[in-house]
Amino acid sequence: MKKAIRNLIIGKDVFIESRNEFRHIMLSGQYALLALCVIVFFFAMEAKHGLSVPVFVYSVSGVLLVISLAMHRKGNHCTANTLLFPTLNMLLFVIVSSEPITTFGFLFFFPLVIGSLAVFNYSHRKFAILFMLLSLSLLILSIVGLFSFIPFREYSQEVIQIAALRNVIIAFFLSVMAVYLLVSLNHHMSKQLEASYQQTKKLNEELDRFVYSTSHDLRAPLLSVLGLLELSEGSLHEIEMQDYHRLMRSRLSSLDKFIKDITDYSRNKRIEIVKEDVFLQSLANDIWESLRYSSDASGIEFINEIPQELIVKNDGSRLRIVLSNIIGNAIRYHDHRRDRRYIRLYHQLTDDSFSIHIEDNGQGIAPEFQVKIFDMFFRGSEHSQGSGLGLYIVKETLAKLSSTIQLTSNPLEGSTFSILIPLTEV
């Protein structure tokens with residue numbers, strides 16, 4: 001029932017991103033639907049009791065309410081609201097001003113006042129105030145009873161009692177519905193503010209660590225290179241010069257990797273997700289080709305068991321960052337003592353899950369470090385070669401893709417990183 005009403009008001013395939021805007025629109029549409037039901041109900045009741053029925057008023061009001069609903073379905077929500085509330089106010093005034101005050105029909109003006117405040121957001125608050133004043137003015141006029149657009153209708157005492165009870169109940173529930181919307185929106189905004197506060201707190205903490213660690217990790221390679229340059233200036237031996245050049249190249253490579261990690265981190269935060277067809281086997285092979293000629297990769301066997309025809313609908317650039325970091329770590333922390341060293345990629349597909357697994361038989365990760373490796377700038381020891389950003393970027397990038405990562409590892413045996421991708425994206 002709830003879904004049917006939603007589809008009737010805004011359309012079956014329409015999605016409204018803002019929760020607040022959706023609630024405003026739904027309340028407005030429900031007011032229009034309830035008003036149509038009230039028109040039909042009043043028409044039937046008045047015809048049953050032989051009372052004069054304002055067919056023209058009901059017909060015009062019904063048409064305007066239907067147009068208001070049509071405006072919602074077309075996305076013209078402000079237009080729909082500005083048409084809805086004058087229609088409801090005038091319809092109510094025509095009916096209330098033509099019947100005894102003891103029917104309590106004027107109570108319907110109160111949910112209209114609350115509804116006008118609830119339906120229009122802050123940017124359209126002038127409309128809310130205008131319609132609130134309109135409702136108040138018509139309420140006073142209907143109570144004073146100076147004039148009526150249709151002939152005054154006399155009711156029996158029995159009809160007045162039934163009408164009074166009916167009007168009080170309906171007006172009460174309409175008021176509750178509008179107030180509930182305001183309360184729920186306030187609750188939702190409070191939760192959003194709390195979430196924003198926690199997110200801001202987290203970002204500030206990360207920024208503090210980022211500035212401190214970045215300044216240290218950028219200066220350390222540069223100071224090392226400067227020191228090596230000074231040593232090389234006083235050396236005349238070719239072998240020593242080659243060693244100095246090798247060390248400088250290593251430090252500059254570390255600096256370049258660190259800058260690349262910072263760039264990846266920044267891009268993941270700023271750039272929107274681009275969905276495209278990604279051939280996972282080809283992507284993994286390309287990454288391996290770009291890494292296999294490093295000195296650390298010598299002697300490592302790359303086993304890619306992902307089928308050539310497997311395609312995922314995802315952000316190719318971000319998946320490249322994720323796989324590059326994980327495969328790069330597997331190369332960096334391989335076990336030199338093994339005769340056979342490998343990195344293996346495979347996938348699993350079930351009815352409700354899809355995952356990519358990157359397995360290696362490298363050094364493994366100690367249990368006490370496994371819960372920390374995805375933290376920003378975490379290093380297992382002072383001798384770690386990485387920037388401490390790689391796996392943090394992996395986690396943040398996958399979070400952006402609504403995906404997760406899990407680690408299974410045993411020291412001296414190896415590690416397996418499992419990337420879990422929503423099945424709808426495969």
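Which side chain meets that of Glu359 in a salt bridge? In this predicted model, the partner is Arg344, with 3.0 Å separating N from O. The contact links distant parts of the chain, since Glu359 belongs to strand β5 (residues 354-360) and Arg344 to strand β4, 15 residues apart. Glu359 has a relative accessibility of 16% and therefore counts as buried, the cut-off for that class being under 20%. Arg344, at 23% relative accessibility, counts as partly exposed.

Arg344 has a further partner. Its side chain also meets that of Glu305 in a salt bridge, again listed at 3.0 Å from N to O. Here, too, distant parts of the chain are linked: Arg344 sits in strand β4 (residues 341-349), whereas Glu305 is found in the loop between β2 and β3, 39 residues apart. Glu305 is partly exposed, with a relative accessible area of 40%. Through shared partners, the salt bridges join Glu305, Arg344 and Glu359 into one network. As a general point, side chains of opposite charge can pair when their charged atoms come close.

The structure as a whole holds nine salt bridges. Another one of them is formed by the side chains of Lys313 and Asp277, at 3.6 Å from N to O. Lys313 is in strand β3 (residues 311-314) and Asp277 is in strand β1 (residues 276-279), so this pair ties together parts that are 36 residues apart in sequence. Both ends of the pair can be placed by their accessibility: Lys313 counts as partly exposed at 39%, and Asp277 counts as partly exposed at 48%. Turning to covalent links, a search of the whole structure finds zero disulfides. As for individual cysteines, Cys37 is exposed, with a relative accessible area of 51%, while Cys78 is partly exposed, with a relative accessible area of 27%.

The strands that carry Arg344 and Glu359, β4 and β5, bring the description to the sheet. How many strands make up the open sheet, and in what order? There are five, arranged as β2-β4-β5-β7-β6, and their pairing is mixed. The edges are formed by β2 (300-304) and β6 (404-410), each of which pairs on one side only. From one strand to the next, the twist averages 15 degrees.

At the β6 edge, the neighbouring strand is β7 (residues 414-421); seven bridges join the two, and they run antiparallel. Ser409 stands opposite Ser415 in β7. The two strands form a hairpin with three residues between them, and in this hairpin Leu412 takes a positive phi near 70 degrees. The faces of β6 can also be told apart. Ile405, Leu407 and Ser409 make up its covered face, whereas Thr404, Gln406, Thr408 and Asn410 make up the uncovered one. Ser409 thus appears in two parts of this picture: it belongs to the covered face of β6, and it stands opposite Ser415 in β7.

Elsewhere, the surface carries a nonpolar patch. Which residues make this nonpolar surface patch of about 870 Å²? The contributors are Met90, Ile129, Leu133, Leu136, Ile140, Val144, Leu146, Phe147 and Phe149. Helix α6 (residues 125-144) supplies the largest share, five residues. Met90, in contrast, is found in helix α4 (residues 77-96). With a relative accessible area of 35%, Met90 is partly exposed; this value fits the requirement for patch residues, which need over 30% relative accessible area. Met90 can also be placed relative to Val57: the two are 33 residues apart in sequence, and their C-alpha atoms are 9.3 Å apart in space.

Definitions and conventions: Residues are numbered from 1 along each chain as its sequence is written. This is a predicted model: local features need pLDDT of at least 70, side-chain atom pairs count only at pLDDT 80 or more; totals for chains, interfaces and linings use all residues. Side-chain values use heavy atoms; hydrogens and water are left out. Two strands pair if DSSP finds at least two bridges between them. Helices (H or I, at least four residues) and strands (E, at least two) are DSSP runs, numbered from the N terminus. Axes are lines fitted to C-alpha atoms, for helices over the stretch in contact, and angles run from 0 to 180 degrees between N-to-C directions. A salt bridge is a side-chain nitrogen of Lys or Arg within 4 Å of a carboxyl oxygen of Asp or Glu. Buried means under 20% relative accessible area, exposed over 50%, partly exposed in between (1.4 Å probe, protein chains only). A disulfide is a pair of cysteine sulfur atoms within 2.5 Å. Patches are made of residues with over 30% relative accessible area and no salt bridge: like charges are joined within 9 Å, nonpolar side chains (Val, Leu, Ile, Met, Phe, Trp, Tyr) within 5 Å. Accessible areas come from the Shrake-Rupley method with a 1.4 Å probe; for residues, only the protein chains shown count as cover.
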